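This report looks at the surroundings of two charged side chains and of one strand.

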Amino acid sequence: MKEILNIALIQSHLAWENPVQNRKAFENRIKSINKKVDLILLPEMFTTGFTMNAVEVAETMEGETLQWLKKMTCTIGCAVAGSLIIKERDHYYNRFVFVEPNGMIQQYDKHHLFTLAKEQEVFTAGNEEVIISYRGWNIKPQICYDLRFPVWARNTSSYDVLLYVASWPKLRISAWDTLLKARAIENMCYCIGVNRVGLDGKGFEHNGHSQGYDVLGNSILEENPIEKEVVLFTTLSKTHIRNTREKLPFLNDADRFTLF
């Protein structure tokens, strides 16, 4: 078990519906990282941008991007995570994949589909809570629109970290800023969110604001906010979680409920 977890967030422009170009760009950025990290976090639909054209760009779990991720993680010795479009049994999923250096893949399918973009007409929603165990840390993955729904993120599983990967538009960036901080405070956990930048193929602008908060809602990134392509670094501490929860045992007073 690691007492600390070092995370890199890659805030990037995405080439529209072009997995080859996006994989190449991310590979260059990943190889340029010269710090010791345990996890590299990529945005939502990092191979294509947030497109509903799943028929043309979907991959399988045995496809090129997963093979590329396994090769990359083995080479660099740390996990890489982000979401992409996966086809499985005639269904399409906006799937968060967490690929470890040993080749192990853990996954989460986006639960709250973005109806404004008619995501629900193309993709199938996931209905399973997923807790990823990695190097002694319990991590709960979430995708973009999930951020608006606190019940789905509620810390009933004693997790340490919430991870959000997103294509959150500039038009509503204040909600992103506020809700990431709220999720950290109410769940007494670290909350990390990576967002993209630049125009997408539909003309929507994205301005980043990738961010991280500790158990008390304090920013743990030196630059805040930042609106350009950048690799951001942060370090998480188990001692911080343990000491704060012991001193302020707010989670013990939370309402008890089940969703399904």
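In this predicted model, Asp200 is found in the loop that connects β10 (197-199) with β11 (205-207). Asp200 is buried, and yet it has no salt bridge, since the nearest side chain of opposite charge, that of Arg196, is 5.0 Å away, whereas a salt bridge requires a side-chain nitrogen of Lys or Arg within 4 Å of a carboxyl oxygen of Asp or Glu. Polar atoms of the Asp200 side chain do, however, have backbone nitrogens as partners, namely those of Lys202 at 2.9 Å and of Gly203 at 3.0 Å. When neighbours within four places in sequence are left aside, Asp200 is in contact with Trp16 and His206.

A second charged residue, Lys140, lies in strand β7, which spans residues 137-143. Is Lys140 buried or exposed? With a relative accessibility of 2%, Lys140 counts as buried, because the cut-off for that class is under 20% relative accessible area. The side chain of Lys140 reaches a backbone atom, the oxygen of Trp152, at 2.8 Å. Not counting residues up to four places away in sequence, Lys140 touches Glu129, Val130 and Ile131, then Trp152, Ala153 and Arg154, and also Tyr159, Val161, Leu162 and Leu163.

The side-chain distances given for these two residues are gathered here.

| Side chain | Partner | Distance |
|---|---|---|
| Lys140 | backbone oxygen of Trp152 | 2.8 Å |
| Asp200 | backbone nitrogen of Lys202 | 2.9 Å |
| Asp200 | backbone nitrogen of Gly203 | 3.0 Å |
| Asp200 | side chain of Arg196 | 5.0 Å |

Val161, one of the residues that Lys140 touches, leads on to strand β9, where its bridge partner is Tyr190. Strand β8 (residues 161-166) pairs with β9 in the parallel sense, over six bridges. Between these two strands the chain passes through helix α5 (residues 173-187), and the resulting β-α-β crossover is right-handed. Strand β9 is also joined to strand β12 (residues 211-213), in this case by three bridges and with the strands running antiparallel; within this pairing, Ile192 stands opposite Gly212 of β12.

How many of the six residues of β9 (residues 190-195) are buried? Six of the six are, so that the strand is described as mostly covered. Both faces of β9 are covered, with Tyr190, Ile192 and Val194 buried on one side and Cys191, Gly193 and Asn195 buried on the other.

Notes
Residues are numbered from 1 along each chain as its sequence is written. This is a predicted model: local features need pLDDT of at least 70, side-chain atom pairs count only at pLDDT 80 or more; totals for chains, interfaces and linings use all residues. Side-chain values use heavy atoms; hydrogens and water are left out. Helices (H or I, at least four residues) and strands (E, at least two) are DSSP runs, numbered from the N terminus. Buried means under 20% relative accessible area, exposed over 50%, partly exposed in between (1.4 Å probe, protein chains only). A polar contact is a pair of N or O atoms within 3.5 Å; within protein, one must be able to donate a hydrogen and the other to accept it, and residues adjacent in sequence count only if both atoms are side-chain atoms. Contact means heavy atoms within 4.5 Å. Two strands pair if DSSP finds at least two bridges between them. A crossover is right-handed if, with the strands pointing away from the viewer, the path from the first strand over the helix to the second runs clockwise. Lys and Arg count as positive and Asp and Glu as negative; His and the chain ends are not counted.
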